Amino acid sequence: MTKRTKEIIILIILVIIFTGILLLLFWEFSPKKEPIENPIEEPVYLEANDKALLEKGYSKEEIESLKKKLNENEQEKLLKLPYINLKEYLEISNFHFAKYEEYEAYKALNQTLSLQDVVTQVNLHLNEPFYQTIEQIKNPEEITVLVNKSHQLDANYIPSDLTPIPSFPNLKLRNVAINDFEELLAAAKLDGVILIPYSTYRSYEYQDGLYQKYLQRDPQDKVDTYSARPGHSEHQTGLAIDIRSDSHWSSLTEKDYEWMKQNSYKYGFIIRYTKDNQPITGYKEEPWHIRYIGKEHAAKVVQLNITYDEYYDLYINKTN
Ligand SMILES: [Zn+2]
């Protein structure tokens with residue numbers, strides 16, 4: 001190699017290095033675009049998982065909705081399973097991936113049910129015998145609290161604001177329900193319907209005594225259709241009322257019941273145990289038992305024509 005050739009090679013190397021330095025400097029000091037942050041905080045999962053899901057046969061749309069619906073653990077679990085068609089489930093707001101197998105089993109046994117009903121009923125543990133799975137209630141003071149055969153109040157729970165009903169001072173309700181209840185009584189009276197409350201707040205111990213008394217008369221499976229086990233009675237919330245017509249000792253006349261069906265929701269009360277509700281609530285029809293949930297929710301429950309149990313799972317339950 002001649003001296004001249006060596007010089008040319010060195011020159012070329014120097015030019016390359018110099019150009020490289022210039023490019024680096026240009027890169028470093030050029031104005032940078034801020035990456036646009038995703039404003040919605042969704043659990044974002046790894047690109048690698050996206051790829052693995054695509055390979056399993058999930059479409060891009062499915063993967064997008066899976067990302068929104070499933071937490072990290074659930075996404076991990078999904079990766080270990082063969083493709084599952086979750087498209088219809090992902091349209092359902094109260095769908096829980098953890099219960100997927102339960103939904104499928106229940107669906108197979110109840111083929112006339114819609115998938116929405118399958119999901120809601122399994123969430124409410126209706127795929128099991130009543131009282132088999134029991135969730136302890138964590139929000140007993142909320143007026144939307146769900147108390148049923150699978151949701152139990154603590155034995156020590158006593159509402160903090162029990163207040164005598166002004167026109168029936170021997171009976172107590174949560175303070176929040178008092179005015180609306182008095183208004184309901186007054187409105188009914190104007191229409192010639194005289195209503196008399198006869199059982200409102202009941203303590204855990206009182207309910208226990210009542211249930212035990214019934215057990216001496218009837219077998220348990222029968223008692224369970226008309227009396228709540230202790231901790232499972234809405235009366236312990238101070239938001240339930242048993243009401244009767246003045247001409248009846250414990251229930252409503254047909255005319256008065258009709259008035260209640262048409263009007264009670266306007267004052268925030270729903271008729272909790274109707275004949276149609278029996279498969280969901282597990283109680284025989286109780287025209288006399290009303291429950292306060294506030295005007296807004298009561299109007300929606302009546303409009304949707306569903307049980308409060310279903311309404312709670314669909315619209316109130318924060319774990320959905
Ligand atoms: Zn009752």
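In this predicted model, the largest nonpolar core holds 34 residues. Within this core, the residues that touch the most other members are Phe181, Phe269, Ile270, Ile290, Ala298, Val301 and Tyr308. Both helices and strands contribute: at least two core residues come from each of helix H8 (175-190), strand E6 (240-245), E7, E8, helix H13 (295-304) and helix H14 (308-316). Helix H8 supplies the largest share, which is four residues. A further core lies apart from this one and has eight residues, including Tyr89, Tyr103, Leu124 and Leu126. In soluble globular proteins, nonpolar side chains tend to be buried together.

Three of the strands named above belong to an open sheet of four strands, ordered E5-E6-E8-E7 and paired in the antiparallel sense. The edges of the sheet are formed by strand E5 (195-199) and strand E7 (269-273), each of which pairs on one side only. Between neighbouring strands of the sheet the average turn is 45 degrees, with direction ignored.

Strand E8 (residues 286-292) is joined to E7 by four bridges, and these two strands run antiparallel. On its other side in the sheet order stands E6, which pairs with E8 over three bridges, also in the antiparallel sense. Individual positions show how the strands are matched. Arg291 of E8 stands opposite Ile270, and Ala240 likewise stands opposite Arg291. The bridge partner of Ile271 in E8 is Ile290, a residue listed among those with the most contacts to other members of the largest core. Strand E8 is largely enclosed by the rest of the structure, because six of its seven residues are buried.

The surroundings of Ile270 illustrate how the sheet and the core meet. When residues up to four places away in sequence are not counted, Ile270 touches Ser264, Tyr265, Ile290, Arg291, Ile293, Ala298, Val301, Val302 and Tyr308. Among these contacts, Ile290, Ala298, Val301 and Tyr308 are, like Ile270, residues that touch the most other members of the largest core.

At the level of the whole chain, two domains are assigned: domain 1 spans residues 47-123 and domain 2 spans residues 135-316. The centres of the two domains, taken over C-alpha atoms, are separated by 36 Å.

Technical notes: Residues are numbered from 1 along each chain as its sequence is written. This is a predicted model: local features need pLDDT of at least 70, side-chain atom pairs count only at pLDDT 80 or more; totals for chains, interfaces and linings use all residues. Domain bounds come from an automatic or database domain assignment. Two strands pair if DSSP finds at least two bridges between them. Axes are lines fitted to C-alpha atoms, for helices over the stretch in contact, and angles run from 0 to 180 degrees between N-to-C directions. A nonpolar core is a set of buried Ala, Val, Leu, Ile, Met, Phe, Trp, Tyr and Cys residues joined through C-beta atoms within 7 Å. A residue is buried if 20 or more other C-beta atoms lie within 10 Å of its own, exposed if 12 or fewer, and partly exposed in between; C-beta atoms are placed from the backbone. Two residues are in contact if their C-beta atoms, placed from the backbone, lie within 7 Å.
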